[in-house]
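Grab a coffee and work through these exercises with the model open beside you. Each one sets a task and then walks through a solution.

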Amino acid sequence: MSKKDFLEKLSYELAIRKIQGIPDIIADFETHFEEAVRAGQSEEEICEMLGSPTEIAEQCIEESTYTETQPVVYNNSNGIYIQLISANLELVPCDLPDFDINIARHGLIIDPDQIQKEFIIDTSGNSLHITQVRNNIATWILGLFEVKTVIVGVPASFNGIIQTKITSGNMKLIGSMRAKTLSSEVSSGNTKVINLTSESMNMHSLSGNISVEQCNGDLTAIGHSGNVNVTFHHGNVNAESSSGSVSVETDVINKNSVIGTKSGNIKLKLNSLENDLNLKCVSGNIKFTVYNLHGNITAKTTSGNVTGNLSSDTIADFRLKSSSSGVKNEFEGSMQPSSIPVVTLSSLSGNVKIKKI
Amino acid sequence: MGVIMITQLKKGTLEMCVLSILDKEDQYGYELVTLISREVEVTVGTIYPLLNRMKKEGLIESETRDSPDGPSRKYYHLTDKGREALTKSVNEWHRFSAGINRILGGLFNE
């Protein structure tokens, strides 16, 4: 790798992680290159010694969470606010009237005294704050040897905000639960949410997978290198991943929605489309099935194939285009009254096909 | 798993190494990371984010000084807060490593 490639890749990796002060970080590395070249090293050798830009950017995230050792003060008090470093989180329903917090290691609950050193737990009213602190080297090192899992039992009456941020750990929310909104950020770990009802669910993951099952409400799931998998959903879905694939199964989309990837595939199964839907990828394939089409659908990819399955009684204005490959439309020649949904399929080098089901 | 633990262990102790080096003498970035990488097998690039964080926490400060024959250099020096943190860390480290050594010694004797 050359100096130029290294610095460009590093800027990119820092930018997608929304790291602050990128110019200063880049300047440090530019100086490092200058000094090392003067010391007689080649750009290639320097890059190898510095390590991968991804690893450096991950380290920046880790360092930025480390400084947030003071409990974060949130405006809204009715909610669950959790911030963890190198620990897993599990949210589960519980029968008790209050939050039930346990911390486990290898599946065994640990002594509350040990917890106090590493976790600041604050429950006041109907809100819960958990922050993890690494204030001395011994707990820091021991914490890394034994990855812990924070298990939060959520009372059935809870219907507030859930806001979680996890660096190096998994986020799980499993069991019938309600939340006003859910906002989850995971930087290297998987996200799994099952059976949640919420007005708005926002999930971000950098290097892990996002899996959402049997949830109810508007969902936005953004992955970077992991896959996004949404099954048996009720509500609108916006989903994106850069190198992972995205698979969505939902009953209805009635707001403008986007499902996109760069190199991963897109798979969508939808009962009813009531508004505009945009499916886009660069090198992946797109495959969609829509039973009741009342909105416009656009599916575009550059080098992959696009296949659309629509009920045989669908009435639409079909616009299929492939610059260098085959186009096939089983609806061709059907009657087309005015003001009907527009179905646009396009690929630069792949096949484009519409099928009747 | 083993590899991850070792990398993490290095990261955890790296801060103490930086503090200790700067306690003896002010250093500029390149010199500092070279010194560390000579002694410990470490991904050099990850030391810069560490330095930035330590600066934000007020453990170290930096100032730019001209160099006679190259780019101007960012020199790091320890603050009082950094000196305090170093004493605390070194004590903890001795306690921690003494414990580990006792365990290892015990296992080897059996």
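## Warm-up: the two chains

**Exercise 1.** Work out what share of the contacts in chain A between residues at least 6 apart in sequence join residues at least 24 apart, then put together a profile of each chain.

*Solution.* Among those contacts in chain A, 38% join residues at least 24 apart. Keep in mind that this is a predicted model.

- Step 1: chain A has 357 residues, and 43% of them count as buried. Its secondary structure comes to six helices and 25 strands.
- Step 2: chain B has 110 residues, with 25% counted as buried. You'll find four helices and three strands there, and along the sequence they follow the pattern α-β-α-α-β-β-α.
- Step 3: for contacts in chain B with a separation of 6 or more, residues 24 or more positions apart account for 50%.

**Exercise 2.** Find the domains assigned to chain A and say how far apart their C-alpha centres lie.

*Solution.* The assignment gives domain 1 as 3–67 and domain 2 as 209–356. Going from one C-alpha centre to the other takes you 38 Å.

## Helices in chain A

**Exercise 3.** Check the length of H1(A) against 1.5 Å a residue, then decide where its buried residues sit.

*Solution.*

- Step 1: H1(A) has 14 residues, so it should span 20 Å; the end C-alpha atoms are 20 Å apart, and the two agree.
- Step 2: pick out the buried residues, which are Phe6(A), Leu10(A) and Leu14(A). They cover an arc of only 60 degrees around the axis, so they lie on the same side of H1(A).
- Step 3: flip to the face turned away from that buried side, and you meet the exposed residues Lys4(A), Asp5(A), Ala15(A) and Ile16(A).
- Step 4: carry on past the helix to Lys18(A), where phi is positive, near 55 degrees.

**Exercise 4.** Do the length check on H2(A), and name what covers its buried residues.

*Solution.*

- Step 1: H2(A) runs over residues 22–38, which is 17 residues, so the expected span is 24 Å; the end C-alpha atoms are 25 Å apart, which agrees.
- Step 2: its buried residues are Ile25(A), Asp28(A), Phe29(A), His32(A), Phe33(A), Glu35(A) and Ala36(A).
- Step 3: look at both chains for the cover. It includes helices H1 (3–16) and H3 (43–50) of chain A, together with helices H2 (29–39) and H3 (47–56) of chain B.
- Step 4: just after H2(A) comes Gly40(A), with a positive phi of about 95 degrees.

**Exercise 5.** Is Leu50(A) buried or exposed?

*Solution.*

- Step 1: place Leu50(A), which belongs to helix H3 of chain A.
- Step 2: count its C-beta neighbours inside 10 Å. There are 25, so Leu50(A) counts as buried; the cut-off is 20 or more.
- Step 3: leave out residues up to four places away in sequence, and Leu50(A) touches Val44(B) and Gly45(B).
- Step 4: for a longer view, try Arg105(A), 55 residues from Leu50(A) along the chain; their C-alpha atoms are separated by 34 Å.

## Strands and cores

**Exercise 6.** Trace the pairings of S2(A) with S7(A) and with S9(A).

*Solution.* S2(A) (residues 87–94) and S7(A) (residues 148–155) pair in the parallel sense over eight bridges, with Leu91(A) opposite Val152(A). The pairing of S2(A) with S9(A) is also parallel, over three bridges, and here Glu90(A) stands opposite Lys172(A).

**Exercise 7.** Lay out the sheet in chain B and explain why S1(B) and S2(B) have a side without a neighbour.

*Solution.* Three strands make an open, antiparallel sheet in the order S1-S3-S2. S1 (27–28) and S2 (60–65) of chain B are at the edges with a single partner strand each, so one side of each has no neighbour in the sheet. Six bridges join S2(B) to S3(B), residues 73–78; in one pairing, Glu61(B) partners His77(B).

**Exercise 8.** How many residues does the largest nonpolar core have?

*Solution.* It has 62, and those with the most contacts inside it are Leu196(A), Ala221(A), Val230(A), Ala239(A) and Leu279(A). Strand S9(A) (residues 171–186) supplies the largest share of this core, six residues. A second, separate core of 30 residues includes Cys47(A), Cys60(A), Tyr48(B) and Leu50(B).

Technical notes:
Residues are numbered from 1 along each chain as its sequence is written. Chains are lettered from A and ligands numbered from 1 in the order in which they are written. This is a predicted model: local features need pLDDT of at least 70, side-chain atom pairs count only at pLDDT 80 or more; totals for chains, interfaces and linings use all residues. Domain bounds come from an automatic or database domain assignment. A nonpolar core is a set of buried Ala, Val, Leu, Ile, Met, Phe, Trp, Tyr and Cys residues joined through C-beta atoms within 7 Å. A residue is buried if 20 or more other C-beta atoms lie within 10 Å of its own, exposed if 12 or fewer, and partly exposed in between; C-beta atoms are placed from the backbone. Helices (H or I, at least four residues) and strands (E, at least two) are DSSP runs, numbered from the N terminus. The expected span of a helix is 1.5 Å times one less than its number of residues. Two residues are in contact if their C-beta atoms, placed from the backbone, lie within 7 Å. Two strands pair if DSSP finds at least two bridges between them. The arc is that of the directions from the helix axis to the C-beta atoms.
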